[in-house]
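Let's take a walk through this structure together, one stop at a time. Have a look at it first, and then read on.

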Amino acid sequence: LYCKQPRRLAGGDMGFVKRKVLDEIRLHLEKPEITVITGPRQCGKTTIMKILENELNARGKKTLFMNLDVEEDMAHFSSQNGLLRKIELEIGSEGYVFIDEIQRKENAGRFLKGIYDMNRPYKFIVSGSGSIELKGDLQESLAGRKRIFEVSTISFEEFVNYKTDYRYEGKLEHFFEIEKAKTHSLLEEYLNFGGYPRVILEQESKEKREIIREIYQSYIERDITYLLHIARPEQFSLLVKVLSLLDGKILNLSNLSSEVGISIKTVKQYLWYLEKTCIIDKVSPFSTNPSKELTKAPICYFKDIGLRNYAAGEFGNINDYGFVFQNFIYLQLSELAKRYDFSIHFWRTKDKAEIDFILQKGRNIVPVEVKYKSIDTFEITRAMRNFIERYNPKAAAVVNISSYHEESIANTKVSLLPFYKLKKFVEKNFGS
């Protein structure tokens with residue numbers, strides 16, 4: 001995650017894209033539970049662990065870093081006692097043990113549970129790709145013994161801070177409001193190339209394309225073929241391509257089965273794999289009236305826009321930003337949902353009315369439409385009016401590029417707001 005021509009950034013890092021999650025993980029290092037860092041392949045997990053190791057070493061702490069992609073290191077994982085002997089040899093009776101690519105270890109959860117329950121004075125920090133849940137069984141085996149930190153690819157906020165040399169860190173909203181042309185340029189760059197660290201740090205578009213191709217191939221070959229033993233990876237890859245071109249359409253399993261040439265049962269299995277390996281999220285419909293509203297079939301969004309664009313053949317060359325911007329807003333909402341504990345749905349009726357997102361927490365329901373344009377004349381769509389009349393929400397939003405306006409419809413305050421004010425809108429409506 002370092003530039004070919006490093007430049008010193010705020011905080012003393014050389015070309016490193018600062019990650020918000022790093023501060024949260026730092027705080028957990030002094031807790032006895034196992035620190036588990038998970039996320040998609042090449043999202044920056046190893047770099048985060050290396051930074052933590054360097055910081056601990058600078059404080060005089062003893063550390064050991066092991067990578068299960070390295071055969072020499074893997075050899076020490078044949079038994080729990082064997083690993084403990086290796087740890088004691090390297091760092092003595094106490095210290096911090098980093099284990100990268102833990103999903104390579106069969107039954108990793110039970111293996112680590114056994115070591116943790118021995119109550120030895122070692123703090124374990126482990127990382128793995130999303131398939132950690134498939135092969136490692138960590139969720140069940142380490143109940144009460146771990147905390148999981150999910151690392152996504154780089155967010156737009158992290159991306160802009162990096163691209164502006166951290167000059168506006170902590171005051172990005174002011175930057176967005178004043179520097180509208182720069183903001184739009186940065187947004188288009190992010191919508192074209194996404195958030196993988198290596199892609200962001202590379203300057204040349206041709207090299208960015210090679211990097212995203214390598215990331216995708218590595219995912220197919222290592223996570224899907226090697227770890228999950230899928231016999232027909234070409235069909236799996238085709239399914240990813242088909243999903244990338246749906247642009248918010250409802251997932252029809254029968255159509256997907258026909259297009260990809262696999263059974264409906266296999267389509268369901270592959271979709272589950274894509275979710276668990278942090279490639280897609282499925283969003284379910286919102287409904288209280290099954291006779292008029294769609295109630296079952298989900299839609300999907302990609303966890304990284306750049307990977308979606310690569311699968312769709314549009315990496316670095318987006319023709320229509322509409323759905324990509326909608327995917328971008330979904331990623332912002334999904335991060336906010338973790339903090340404020342609301343669920344995300346969509347709304348569609350059988351007569352084709354639709355709202356992009358319905359945010360729900362208990363009885364608090366907030367509809368959100370997304371428009372990739374600056375709206376000069378504020379108009380409420382018929383779908384939004386229908387939803388407001390039917391459900392009488394306290395608030396609603398139309399997210400666009402840069403325009404801001406508020407007005408009320410009955411008891412609902414409708415906010416036309418720029419994408420960079422979405423966080424404040426969510427805080428206001430779900431923060432209590």
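What follows is a short tour of the sheet, a helix pair, two hairpins and a few single residues. Keep in mind that this is a predicted model.

A good place to begin is the sheet. Five strands make up an open sheet, and the order across it is β2-β3-β4-β1-β5, with parallel pairing. At the edges sit β2 and β5 (146-150), each of which pairs on one side only. If you go from strand to neighbouring strand in this sheet, the average turn between them is 15°, direction ignored.

Now zoom in on one edge, strand β2, which covers residues 63-67. Is this strand mostly covered or mostly open? Mostly covered: five of its five residues are buried. The side chains go two ways, with T63, F65 and N67 pointing one way and L64 and M66 the other, and all of them are buried. The partner of β2 here is strand β3 (residues 95-100), which runs parallel to β2 and is joined to β2 by five bridges. To find your place in that pairing, look for L64, which stands opposite V97 in β3.

Over at the other edge, β5 pairs with strand β1 (residues 34-38), again in the parallel sense and over five bridges. A handy marker here is I37, whose bridge partner in β5 is F149.

The sheet has helix company too. Helix α4, made of residues 80-91, lies across β2, β3 and β4 (122-128). Set against β2, helix α4 runs at about 135°.

Next, stay with the sheet region for a moment and find E101, in the loop between β3 and α5 (108-116). Most residues other than glycine have a negative phi. E101 goes against that habit, with a positive phi near 60°. Is E101 buried or exposed? Its relative accessibility is 13%, so E101 counts as buried, given that the cut-off for buried is under 20%. Leaving aside residues up to four places away in sequence, E101 touches R41, N67, L68, D69, S127 and G128. One of those, N67, you have already met as a buried residue of β2. For a sense of scale, compare E101 with N411: they are 310 residues apart in sequence, and their C-alpha atoms are 52 Å apart in space.

A little further along there is N119, in the loop between α5 and β4. N119 also has a positive phi near 60° without being glycine. Its surroundings tell another story, though: at 67% relative accessibility, N119 counts as exposed, because exposed means over 50%.

Time to leave the sheet and look at a pair of helices, α16 (residues 305-312) and α17 (residues 322-340). Their axes come within 10 Å and cross at roughly 150°. An angle over 145 degrees counts as roughly antiparallel, and α16 and α17 are therefore roughly antiparallel to each other. The crossing of α16 past α17 is right-handed. Which residues make the contact? From α16 they are I305, R308 and N309, and from α17 they are V324, N327, F328 and L331. Sorted by class, the contact has four nonpolar, two polar and one charged residues.

R308 also leads to the next stop, S244, in helix α13 (residues 233-244). S244 touches R308 along with F302, A311 and A312, not counting residues up to four places away in sequence. With a relative accessibility of 1%, S244 counts as buried.

The last stop is a run of antiparallel strands. Strand β8 (residues 343-348) is joined to strand β9 (residues 354-361) by five bridges, and the two run antiparallel. I344 has L359 in β9 as its bridge partner. Between these strands the hairpin has five residues, and here K352 takes a positive phi near 85°.

From β9 the chain goes on to strand β10 (residues 364-370), and this pair is antiparallel over five bridges as well. Look for Q360, which stands opposite I365 in β10. In this hairpin there are two residues between the strands, and G362 takes a positive phi near 60°.

Note on methods:
Residues numbered from 1 in each chain as written. Predicted model: local features only at pLDDT ≥ 70, side-chain atom pairs only at ≥ 80, totals over all residues. Heavy atoms only, no water. Buried < 20%, exposed > 50% of the residue type's maximum accessible area, 1.4 Å probe, protein only. Helix = DSSP H or I, 4+ residues; strand = E, 2+ residues; numbered from the N terminus. Pairing = 2+ DSSP bridges. Axes fitted to C-alpha atoms, helices over the stretch in contact; angles between N-to-C directions. Contact = heavy atoms within 4.5 Å. Parallel < 35°, antiparallel > 145°, perpendicular 65-115°, else oblique. Left-handed = near helix turned anticlockwise from the far one by under 90°. Nonpolar A, V, L, I, M, F, W, Y, C, P; charged D, E, K, R; others polar.
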